[in-house]
Amino acid sequence: MKSLIPIVRNAGEGDKQSFFGGGLHTWKLLAEDTDGAFFLFEDTMAKDKTTPLHLHPEAHEMTYVIEGEIEVQADGKRTRVRTGGMSFVPKGVAHAFIVVSTEARLITIQSPGAVGEAFYRGASDPAVDDTADIVDLARLRASAAKNPRGIELLGPPPFAAAAAR
């Protein structure tokens, strides 16, 4: 077991990454910081950012909404999650979300950390600005294929087309 040390990161601090699923990530705690227990990042996203229907075969996922509103579909049920709310999706449960407010800021934790972090590393590049809407589905799929323990893409987003909202 690795000897852990206290870590403090303030607003804006952390490893900023452009996530090719759409979003600006600030990685606050890496799996290596927590001896693999979890991976934690802040995600800033624009309206209508959505995820494909997916599951995490080996990691639980908790999302806390710092600001804004999302709609989550988990295990076939849809729920709105507003500022101060959270969702928890156990490993192996199909889920997706869409941003329904103008912008949303979330904190996401995956546990254990290493399996999910590898997927995000493969689908991200260091951020060069605060752009939060870069989407490259080919890059997302390639990272998912290389990290099947971290994520399994099941299909397109289960939400109505963004234009209909």
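# A tour by selection

At 49% relative accessibility, Phe88 counts as partly exposed, where buried means under 20% relative accessible area, exposed over 50%, and partly exposed in between (1.4 Å probe, protein chains only). The model is predicted, so to speak of local features requires pLDDT of at least 70, and side-chain atom pairs count only at pLDDT 80 or more, while totals for chains, interfaces and linings use all residues. Residues are numbered from 1 along each chain as its sequence is written, and side-chain values use heavy atoms, with hydrogens and water left out.

**Surface patch.** Stay on Phe88, which lies in strand S8 (residues 86-89). Helices (H or I, at least four residues) and strands (E, at least two) are DSSP runs, numbered from the N terminus. Add Tyr64 and Met86 to the selection: with Phe88 they form a nonpolar surface patch with about 310 Å² of accessible area together. Patches take residues with over 30% relative accessible area and no salt bridge, joining like charges within 9 Å and nonpolar side chains (Val, Leu, Ile, Met, Phe, Trp, Tyr) within 5 Å. Accessible areas come from the Shrake-Rupley method with a 1.4 Å probe, and for residues only the protein chains shown count as cover.

**Backbone.** Most residues other than glycine have a negative phi, and most peptide bonds are trans. Select Asp35, in the loop between strand S2 (24-29) and strand S3 (39-46). Asp35 is not a glycine, yet its phi is positive, about 55°; its relative accessible area is 35%, partly exposed. Next select Asp48, in the loop between S3 and strand S4 (53-55). Its phi is also positive, about 75°, and Asp48 is not a glycine either. Asp48 is partly exposed at 23% relative accessibility. Then go to Ser111 and Pro112, which are joined by a cis peptide bond with omega of about -5°. Pro112 sits in the loop between strand S10 (103-111) and helix H1 (113-122).

**Salt bridges.** A salt bridge is a side-chain nitrogen of Lys or Arg within 4 Å of a carboxyl oxygen of Asp or Glu. By this rule there are 10 salt bridges. Select Glu42 and Arg105, whose closest N and O atoms are 2.9 Å apart in a salt bridge. This pair links distant parts of the chain, with Glu42 in strand S3 and Arg105 in strand S10, 63 residues apart. Glu42 is buried at 12%, whereas Arg105 is partly exposed at 23%.

Move to Glu69 and Arg80, a salt bridge with closest N and O atoms 3.2 Å apart. Glu69 is in strand S6 (residues 69-74) and Arg80 in strand S7 (residues 77-82), so the pair ties together parts 11 residues apart in sequence. Glu69 is buried at 17%; Arg80 is partly exposed at 38%. Extend the selection to Glu71, Arg78 and Arg82: with Glu69 and Arg80 they are linked in a salt-bridge network.

**Helices.** In H1, select Glu117 and Arg121, which form a salt bridge with closest N and O atoms 2.9 Å apart. They are four residues apart in the helix, about one turn. Glu117 is buried at 5%, and Arg121 is partly exposed at 39%. Finally, show H1 with helix H2 (residues 137-146): their axes come within 8 Å and cross at roughly 145°. The contact (heavy atoms within 4.5 Å) is made by Ala118, Phe119, Arg121 and Gly122 of H1 and Arg139, Leu140, Ser143 and Ala144 of H2. Axes are lines fitted to C-alpha atoms, for helices over the stretch in contact, with angles running from 0 to 180 degrees between N-to-C directions.
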